[in-house]
Amino acid sequence: MASVDIIDVRKSYGEQAVIHGVSIPIANGEFVALVGPSGCGKSTLLRMIAGLEDITGGNIRIGDKVVNALPPKDRDIAMVFQNYALYPHKTVAENMGFALKLRKTPKAEIDQRVKRAAEILDLMPYLNRYPRQLSGGQRQRVAMGRAIVRAPQVFLFDEPLSNLDAKLRVQMRAEIKELHQRLKTTTIYVTHDQVEAMTMADRIVVLHDGIVEQMGSPLELYDRPANLFVAGFIGSPAMNMFKGTIRGGSQPHFEAADGTRLPLASVPAGSDGLEAVYGIRPEHLVLGGELRPQVTVIEPTGSETQVVAKLAGEKITGVFRERVNVAPGEAIAMSPDVSLVHLFDAKTGGRIS
């Protein structure tokens, strides 16, 4: 195991810069997720850590060694890809042990390591099968097993669950998290799915257009997003947002563009009259209150009900544990929990504390 330090790393393709001075310290044994929309630079950054992409500027340190000029085979990392990258003509055992065979590791040691990884991943019954005889989830476990047998200092995962169906993704999320808790190997996990990042990682790094928007624990990003981008990206369904103006006085409130008043517990110092964005998460709306948005869609899921409605000219989504007796076209009484409202500067996008 080893720490990984990404220090002012930059990447350009010709004159096109795609990574703009990213710095991320990753502690020994930590599970860090790089998350962001397509094109944000997360996979490029992972490939630079792996040595599959050259670094334009900055340094990447694994343990106490700067690895910028080292080839991938000398970085003591193991990578798990989205498409599994298994040899179709080799058995599960042969796939898992192939990298060790190339290193001329004794056969007895290869067999021992493969058996240990297979036991961890529940692959013992499949060691003599070929990839074509396995399900998608089993193939992904083989790819993980191939990484485990190498006993690397760092695991790199590049969107490994994207090709799996929804139920299997949930199962594999739990298996990868349990695997990390057991092995304690430093892990860097790339995904565009913020739910994956929230449920698996010790710490999340949110990337956007080649820069770090925010890094912190999952709940830090959820409870105190640093800006509008993070607020809109973290959380599902996405945070409801309204543009308008903060108003102080005896009854502090937020005045939306159409004059609708949204409640505030208090007005941050120096923000009276400031153009801002009012954010409230769907799960932080409660039934009852002064707001009367018009319902457009009802989505019962069994354990909860999602209500999509129109308020202040914007779509607003509420998630309620209670059963909601309302039909599309009707008004529904709801209100935000004012202790959980987020305010952002309309010009800079930054959080107003």
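Which residues in α3 meet which residues in α4? In this predicted model, the α3 side of the contact consists of Arg113, Val114, Arg116 and Ala117. The α4 side consists of Gly145, Ile148 and Val149. By residue class, the contact of α3 with α4 holds four nonpolar residues, two charged and one polar. Val114 and Ala117 of α3 count as nonpolar, as do Ile148 and Val149 of α4. The charged members are Arg113 and Arg116, both in α3. The polar member is Gly145, in α4.

The geometry of this pair was then examined. Helix α3 covers residues 107–120, and helix α4 covers residues 136–149. Their axes lie 9 Å apart. The two helices pack at an angle of about 135°. That angle makes α3 oblique to α4, because only angles over 145 degrees count as roughly antiparallel and those from 65 to 115 as roughly perpendicular. The crossing of the two helices is right-handed.

The pair belongs to a protein with eight helices and 20 strands. The chain has 353 residues, of which 48% are buried. Along the principal axes, the C-alpha trace spans about 80 × 45 × 35 Å. The exposed area comes to about 16700 Å². Carbon and sulfur atoms supply 48% of that area.

Contacts were also sorted by sequence separation. Those between residues at least 6 apart in sequence were considered. Of these, 66% join residues at least 24 apart.

Conventions: Residues numbered from 1 in each chain as written. Predicted model: local features only at pLDDT ≥ 70, side-chain atom pairs only at ≥ 80, totals over all residues. Heavy atoms only, no water. Axes fitted to C-alpha atoms, helices over the stretch in contact; angles between N-to-C directions. Helix = DSSP H or I, 4+ residues; strand = E, 2+ residues; numbered from the N terminus. Parallel < 35°, antiparallel > 145°, perpendicular 65-115°, else oblique. Left-handed = near helix turned anticlockwise from the far one by under 90°. Contact = heavy atoms within 4.5 Å. Buried < 20%, exposed > 50% of the residue type's maximum accessible area, 1.4 Å probe, protein only. Areas by Shrake-Rupley, 256 points an atom, 1.4 Å probe, with all protein chains shown as cover.
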